Amino acid sequence: MKFKGNVALITGASRGIGAEIAYSLSLKGITILINYSKSEESAVEIAQRIRREGGNCDIVKFDVSNYDEVESAVKDIANKYKKIDYLVNNAGVTKDNLILRMTKDEISEVLDINLKGAINCCKHVSRYMVKNKFGVIVNISSVVGLMGNAGQVNYAASKAGLIGLTKSLARELGSRNIRVNAVAPGYIETEMTEKLNVLQRKALMSNLVIKRLGKPEDVANVVEFLLSEEASYITGEVINISGGLYI
Ligand code: NAP
């Protein structure tokens with residue numbers, strides 16, 4: 001896979017899946033823009049890890065849900081690097097609750113970060129991709145966006161929305177040599193899923209075809225493929241990475 005010299009913006013790359021995507025892409029010679037909104041220490045740690053291995057990266061702080069912050073950060077990146085080849089919309093949060101108990105803030109925070117955040121980034125980054133006549137976008141959705149999950153209406157709606165975004169943008173930007181795809185991970189071992197107790201883990205295992213939780217590397221490998229030239233005829237797709245949780 002030929003990536004050397006390309007530039008990737010990865011949102012929410014300070015921890016978990018985003019950090020793993022950042023690290024693995026940096027090993028391929030891609031310059032990584034590590035975005036975070038709060039976890040500065042973790043963002044610095046992943047940047048140090050990348051640099052120790054000889055990779056190139058920069059840290060860019062912005063809140064994906066803030067339209068103006070995204071616009072100005074993306075402008076700065078494009079001015080410095082002259083292009084943004086890849087965008088991985090990974091930043092995401094959960095605020096789980098049953099709908100009867102779900103608060104106004106739990107609804108808006110999840111939709112604003114997970115869905116509007118990705119739209120904000122696509123909106124501002126695609127301008128530079130169109131200019132450069134090249135780009136690949138990968139949105140990190142979830143199997144929950146395909147199958148639903150009680151207690152997660154806000155999260156499932158945001159992740160299903162990302163699939164609509166992916167398919168529409170793929171149609172809109174295909175003629176400009178820009179591909180847009182999504183991945184739908186199942187349960188991946190990160191801070192987001194650390195909250196599961198032993199009983200919940202056991203119940204989950206019984207529904208998995210491959211009897212282990214996913215690792216961030218399982219997602220990073222597929223993202224790397226979707227960004228590569230080897231995937232140049234794939235756009236508007238959603239790839240399920242769930243160990244058979246949803247088939
Ligand atoms: P995580 O460990 O909680 O990490 C979330 C990342 O998102 C952090 O880097 C966080 O950085 C960033 N973030 C949160 N709000 C942000 C904002 N407003 N602006 C910019 N960055 C923000 O989560 P994860 O498990 O790696 O999940 C990553 C993505 O995969 C999410 O979209 C999630 O929905 C999706 N996913 C995860 C699983 C799973 O099982 N783990 C399954 C399916 C899909 P800060 O702390 O700096 O804000």
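Helices (H or I, at least four residues) and strands (E, at least two) are taken here as DSSP runs, numbered from the N terminus. The structure is a predicted model, in which local features need pLDDT of at least 70 and side-chain atom pairs count only at pLDDT 80 or more, while totals for chains, interfaces and linings use all residues. Residues are numbered from 1 along each chain as its sequence is written, and side-chain values use heavy atoms, with hydrogens and water left out.

The loop between helix 6 (153-173) and strand 6 (178-185) contains Asn-177. The phi of Asn-177 is positive, near 65°, in a residue other than glycine. Asn-177 counts as partly exposed because its relative accessibility is 46%; in this scheme buried means under 20% relative accessible area, exposed means over 50%, and partly exposed lies in between (1.4 Å probe, protein chains only). A positive phi, of about 70°, is also found at Lys-82, which is not a glycine. Lys-82 belongs to the loop between helix 3 and strand 4, and its relative accessibility of 66% makes it exposed.

Another loop residue is Arg-101, placed between strand 4 (86-89) and helix 4 (104-132). Arg-101 is exposed, with 59% relative accessible area. Its C-alpha atom lies 38 Å from that of Arg-171, a residue 70 places away along the chain.

The account now turns to helix packing. Two packed helices are described by the angle between their axes and the distance between the axes. The axes are lines fitted to C-alpha atoms, for helices over the stretch in contact, and the angles run from 0 to 180 degrees between N-to-C directions.

Helix 1 (residues 16-26) packs with helix 8 (residues 216-227) at an angle of about 50°, and the two axes are 9 Å apart. The pair is therefore oblique; angles under 35 degrees count as roughly parallel, over 145 as roughly antiparallel, 65 to 115 as roughly perpendicular, and the rest as oblique. Helix 1 passes helix 8 in a right-handed crossing, the term for a near helix turned clockwise from the far one by less than a right angle, an anticlockwise turn being left-handed. On the helix 1 side the contact (heavy atoms within 4.5 Å) is made by Gly-16, Ile-17, Glu-20, Ile-21, Ser-24 and Leu-25, and on the helix 8 side by Pro-216, Glu-217, Val-219, Ala-220, Val-223, Glu-224 and Leu-227. These residues comprise 8 nonpolar, 2 polar and 3 charged, where Ala, Val, Leu, Ile, Met, Phe, Trp, Tyr, Cys and Pro count as nonpolar, Asp, Glu, Lys and Arg as charged, and the others, Gly among them, as polar.

Helix 1 also packs with helix 2 (residues 40-52), at an angle of about 15° and with the axes 10 Å apart. Helix 1 and helix 2 are therefore roughly parallel, and helix 1 passes helix 2 in a right-handed crossing. Ala-19, Glu-20, Ala-22, Tyr-23 and Ser-26 of helix 1 meet Ile-46, Arg-49 and Ile-50 of helix 2. By class, this contact has 5 nonpolar, 1 polar and 2 charged residues. Glu-20 of helix 1 appears in the contact with helix 8 and in the contact with helix 2.

Helix 3 (residues 67-81) and helix 4 pack at about 30°, their axes 9 Å apart. That angle makes helix 3 roughly parallel to helix 4, and the crossing is right-handed. Helix 3 contributes Tyr-67, Val-70, Glu-71, Val-74, Lys-75 and Ala-78, which meet Asn-120, Cys-121, Lys-123, His-124, Val-125 and Tyr-128 of helix 4. The contact of helix 3 with helix 4 divides into 7 nonpolar, 2 polar and 3 charged residues.

Cys-121, one of the helix 4 residues in that contact, also touches Ser-126. Ser-126 is itself in helix 4 and is buried, at 12% relative accessibility. Residues up to four places away in sequence being left out, Ser-126 touches Cys-121 and Leu-173.

The cysteines complete the picture. A disulfide is a covalent bond between the sulfur atoms of two cysteines. With a disulfide taken as a pair of cysteine sulfur atoms within 2.5 Å, a search of the whole structure finds 0. For Cys-57, which is in no disulfide, the nearest cysteine sulfur is that of Cys-121, 18 Å away. Cys-57 is buried, with a relative accessible area of 8%. The closest cysteine sulfur to that of Cys-122 is in Cys-121, at 7.2 Å, which is too far for a bond. Cys-122 is likewise buried, at 3% relative accessibility.
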